[in-house]
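User: I am new to this structure and should like to understand how its helices pack. Please take me through it by question and answer.

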Amino acid sequence: MDRLTVAGERYTKKSFMAFLEGQPKCDEKWVMGVIRASSPEDITQALGSLSSYGNKERFEFLRRACGVA
């Protein structure tokens, strides 16, 4: 796996974690930008690994925004 692929996966997962934790400035508008900048594979992997992490309402928003729900 090349560095760019790993960096993309890490960016998506850490960004989703920040949103789920309710970090300052990590609101719905911000996470929509992250989703647009991420590959479908990175999104699927991040959602799978974070399914029991953080705020459930925010996780459900992520699922809907990513078209998974």
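**Helix packing and cysteines**

Analyst: In this predicted model, residues Y11, S15, F16, A18 and F19 of helix α1 meet E28, W30, V31, V34, I35 and A37 of helix α2. By class, this contact has nine nonpolar, one polar and one charged residues.

User: Which term describes how α1 and α2 lie to each other: roughly parallel or roughly antiparallel?

Analyst: Helix α1 spans residues 3-21 and helix α2 spans residues 28-37. They pack at an angle of about 165°, with their axes 10 Å apart. Angles over 145 degrees count as roughly antiparallel. The two helices are therefore roughly antiparallel.

User: What is the handedness of the crossing where α1 passes α2?

Analyst: The crossing concerns the pair α1 and α2, which pack with their axes 10 Å apart. Where α1 passes α2, the crossing is left-handed.

User: Which residues of α4 does α1 meet?

Analyst: Helix α4 covers residues 56-65, and α1 packs against α4 at an angle of about 135°, with axes 8 Å apart. That angle makes α1 oblique to α4. By class, their contact has six nonpolar, no polar and one charged residues. From α1, the residues F16, F19 and L20 meet R58, F59, F61 and L62.

User: How many disulfides does the structure hold, and why is there no bond between C26 and C66?

Analyst: A disulfide needs two cysteine sulfur atoms within 2.5 Å. The cysteine sulfur closest to that of C66 is in C26, 15 Å away, which is too far for a bond. The number of disulfides in the structure is zero.

Conventions:
Residues are numbered from 1 along each chain as its sequence is written. This is a predicted model: local features need pLDDT of at least 70, side-chain atom pairs count only at pLDDT 80 or more; totals for chains, interfaces and linings use all residues. Side-chain values use heavy atoms; hydrogens and water are left out. Axes are lines fitted to C-alpha atoms, for helices over the stretch in contact, and angles run from 0 to 180 degrees between N-to-C directions. Helices (H or I, at least four residues) and strands (E, at least two) are DSSP runs, numbered from the N terminus. Angles under 35 degrees count as roughly parallel, over 145 as roughly antiparallel, 65 to 115 as roughly perpendicular and the rest as oblique. A crossing is left-handed if the near helix is turned anticlockwise from the far one by less than a right angle, and right-handed if clockwise. Contact means heavy atoms within 4.5 Å. Ala, Val, Leu, Ile, Met, Phe, Trp, Tyr, Cys and Pro count as nonpolar, Asp, Glu, Lys and Arg as charged, and the others, Gly among them, as polar.
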